Amino acid sequence: MSRRPATLTLALHALLVGGGVLTLLPYVWMVSSSFKPSAEIYSAAVQLIPTRPIVDNYVVALTREPVGRAILNSLVMAGGETVLVVVTSVFTAYPFARLRFRGRDAVFLLVLGTMMIPTQVTMIPTFILMRWLGWIDTYQGLIVPRMMTPLGIFLIRQFLLTLPRELEEAARIDGCGRLRALVSVLVPHMGPAVATLAIFTFTASWNEFFWPLIVVQSSEMRTIQLLIAALKQTEAVEWGVVMAVVTLSVFPTVAVYLALQRYFQKGVVMSGLKG
Amino acid sequence: MAGSRRDVTAPWARVEAHPALAPGRRARWSEETRFGWLALSPALLFFAVFVGFPVAYAFYLSFHEWNMMSPAPEWVGLENYATLLRDETFLRSLVQTTIFTAGITGCIVVFSLATALLLDQKLRQIRLYRTIYYLPAVTSVVAIGVVWLWIFDPQYGLINQALREVGIVGPRWLADPQLALLCLVVTAAWRNVGYFATIFLAGLQGIDLMYYEAARIDGADAWGCFRRITLPLLRPTVLFVVVMSVILSFQVFALVYVMTAGGPGGATSVVVFYLYQQAFTYFRMGYASAVGYVLFGIVFVLTLVQFRLFGKQQLEF
């Protein structure tokens, strides 16, 4: 690469910083509002950093509002969904990637094809089904309809195709069954793919709003996203408290993202473009 | 991924020609075939129950009227679809969804591509910028919607506070029917630009540097390189981003639910929000299913467009 003139480098940095500020400003505003006393929240002038930070909003959020329970509900939903999606994806991807049999490719295309169907179409009958099963307002109602995803099956299959066949063939010759070959030989090699899928599923589930909105009816079963939406709908919105709850809800996904960033970018490339 | 391609197109003749499978009644049901179908059976059951059945039942419901109280859906033929075409609230939400989709897709193509070009530069701290720009994509739409609702607050929001500092009385933003949809576009753009920039960046990094070197030897300037090399070679990525954005924006819901609930005066009602109201506020399950199918039709056509535009090479998996 030829050397860039210093002025151009400076301009590029300026643009990147500008974009960065624009991206971070809402987060700063969110966190700062959550630490402000109401006098500073309801002020006419801009005050980006609270002059006298207080934790009262968090105390109110955690004692008066059922934030703890809502976070627990979100954890159960996102955790359950993640475990189930990973397990079902591994078992379903295996025959697609490793076995040859009549009808395999037709079924694979059918599974991928379901990605095209908008959730809004399947939502009403699924809701009716949940009601019939008595699963409205339950964890299984939240989790089971989303325990398998075409994207998960696709991601794991793509990854399996990159693993050499010799890996499990050696075990198979030694008389190992297919299931055991998958679990004890292939699975230990699938770390990166499983991590990517798990992180993606967990984040998506934690952030999910539409399906919980339909299945959940009692305030005890509200996920954190539903609680935020409900708090915002009260007559007089207490912005300090709402921002405290929002900050608490954003924290886990941002922390996971910062810690495991490389898996996120891999996931975007894997799901966004062809495997 | 050459190996995967061979797998997909594996001729069945090869399986049947395998000596172990040759004669006998059970030839077609080898151990491999049986195991394959057995392993797929949970998935088949799942997709039958949670995709197949709902798709069929929603289609059935769209020709019926049912409020979930009466014992059974009542056949009304095409009436739901006919009503839809005359339903001004629905048509208005369809128009507004289209405006939202066009606005957000335009923003995404321009800003995401510009961001990706910046993030593709060899600079110090470029990883830090990439990290920051992707942050909104891991933040929930509900959280973002509420934070921006607060930023747009006419009295105490950040924007109007800042405008007041320079002596301007800011508009009422989300409470203003003329501006509300625009505010939603801004918020959605803020959330999605970084995500799509990451996809553009992957596309940019897939372009062979050889092309640029050759162009530079021929004396091309930066703009020439961008127009003659980057844009044409990025075409598949651009199309992918456009269609993804269109499909996702057409299904916008959480942002509207949290920020405006369709208001003021229906100015931000969108198709999925309308569907939600029909189904879960008024319990018109048949009518809502018809709305769902119209949405399905639109998304389906848009997806077909995607497949057409991408051509064969992108279908390879």
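Colleague: What makes you trust chain B, and how does its average pLDDT look?

Modeller: This is a predicted model, and chain B averages a pLDDT of 86, with 88% of the residues scoring at least 70. On a scale from 0 to 100, that average sits at 86.

Colleague: Where in chain B is confidence lowest, and where is it highest?

Modeller: Helix α1 (residues 2–8) of chain B is at the bottom with a mean of 41, while helix α7 (residues 141–151) of chain B is at the top with 96. Over residues 1–25 of chain B, pLDDT stays under 50, and the model has 16 contacts beyond four places in sequence for that stretch. Residues 312–317 of chain B also stay under 50, with eight such contacts.

Colleague: Why not read those contacts closely?

Modeller: Because where pLDDT is low, the predicted coordinates should not be read in detail.

Colleague: And which elements of chain A have the lowest and the highest mean pLDDT?

Modeller: Helix α15 (residues 261–272) of chain A has the lowest, 67, and helix α7 (residues 139–143) of chain A the highest, 97. Chain A as a whole averages 89, and 95% of the residues score at least 70.

Colleague: What does the predictor say about the complex?

Modeller: It gives an ipTM of 0.91 and a pTM of 0.88.

Colleague: How many residues meet between the two chains?

Modeller: On chain A, 73 residues are in contact with 83 residues of chain B. Helix α1 (residues 6–34) of chain A supplies the largest share of chain A's side, twelve residues. That side divides into 45 nonpolar, 21 polar and seven charged residues.

Colleague: How do you know how chain A compares with a compact globule?

Modeller: Set the two radii of gyration side by side: a compact globule of 275 residues would come out near 19 Å, but chain A has 24 Å. Its C-alpha trace spans about 75 × 65 × 35 Å along the principal axes. Chain A has 15 helices and zero strands, and 42% of its residues count as buried.

Colleague: What makes Pro264(B) buried, exposed or partly exposed?

Modeller: Count the neighbours. Buried takes 20 or more other C-beta atoms within 10 Å and exposed takes 12 or fewer; Pro264(B) has 16, so Pro264(B) is partly exposed. This proline lies in the loop between α12 (254–259) and α13 (271–280) of chain B.

Colleague: Which residues does Pro264(B) contact, leaving aside neighbours within four places in sequence?

Modeller: Ala175(B), Pro177(B) and Ala180(B). As for Gln178(B), that residue is 86 residues away from Pro264(B) in sequence and 9.3 Å away in space, C-alpha to C-alpha.

Colleague: Which residues of helix α6 (residues 126–134) of chain B are buried?

Modeller: Tyr129(B), Arg130(B), Tyr133(B) and Tyr134(B).

Colleague: Why say they are on the same side of α6(B)?

Modeller: Because they cover an arc of only 125° around the axis, which puts them on the same side of α6(B). Arg127(B) and Leu128(B), on the other side, are exposed.

Colleague: Which residues touch the most other members of the largest nonpolar core?

Modeller: Val245(A), Val246(A), Val146(B), Leu184(B) and Val291(B), out of 148 residues. Helix α9 (residues 180–205) of chain B provides the largest share of this core, 15 residues.

Colleague: What is Val146(B) in contact with, beyond four places in sequence?

Modeller: Ile228(A), Lys232(A), Val242(A), Val246(A) and Val258(B).

Definitions and conventions. Residues are numbered from 1 along each chain as its sequence is written. Chains are lettered from A and ligands numbered from 1 in the order in which they are written. This is a predicted model: local features need pLDDT of at least 70, side-chain atom pairs count only at pLDDT 80 or more; totals for chains, interfaces and linings use all residues. Two residues are in contact if their C-beta atoms, placed from the backbone, lie within 7 Å. Helices (H or I, at least four residues) and strands (E, at least two) are DSSP runs, numbered from the N terminus. Ala, Val, Leu, Ile, Met, Phe, Trp, Tyr, Cys and Pro count as nonpolar, Asp, Glu, Lys and Arg as charged, and the others, Gly among them, as polar. The arc is that of the directions from the helix axis to the C-beta atoms. pLDDT is the predictor's confidence in each residue, from 0 to 100. The radius of gyration is taken over C-alpha atoms; the globule rule is 2.2 Å times the number of residues to the power 0.38. A nonpolar core is a set of buried Ala, Val, Leu, Ile, Met, Phe, Trp, Tyr and Cys residues joined through C-beta atoms within 7 Å.
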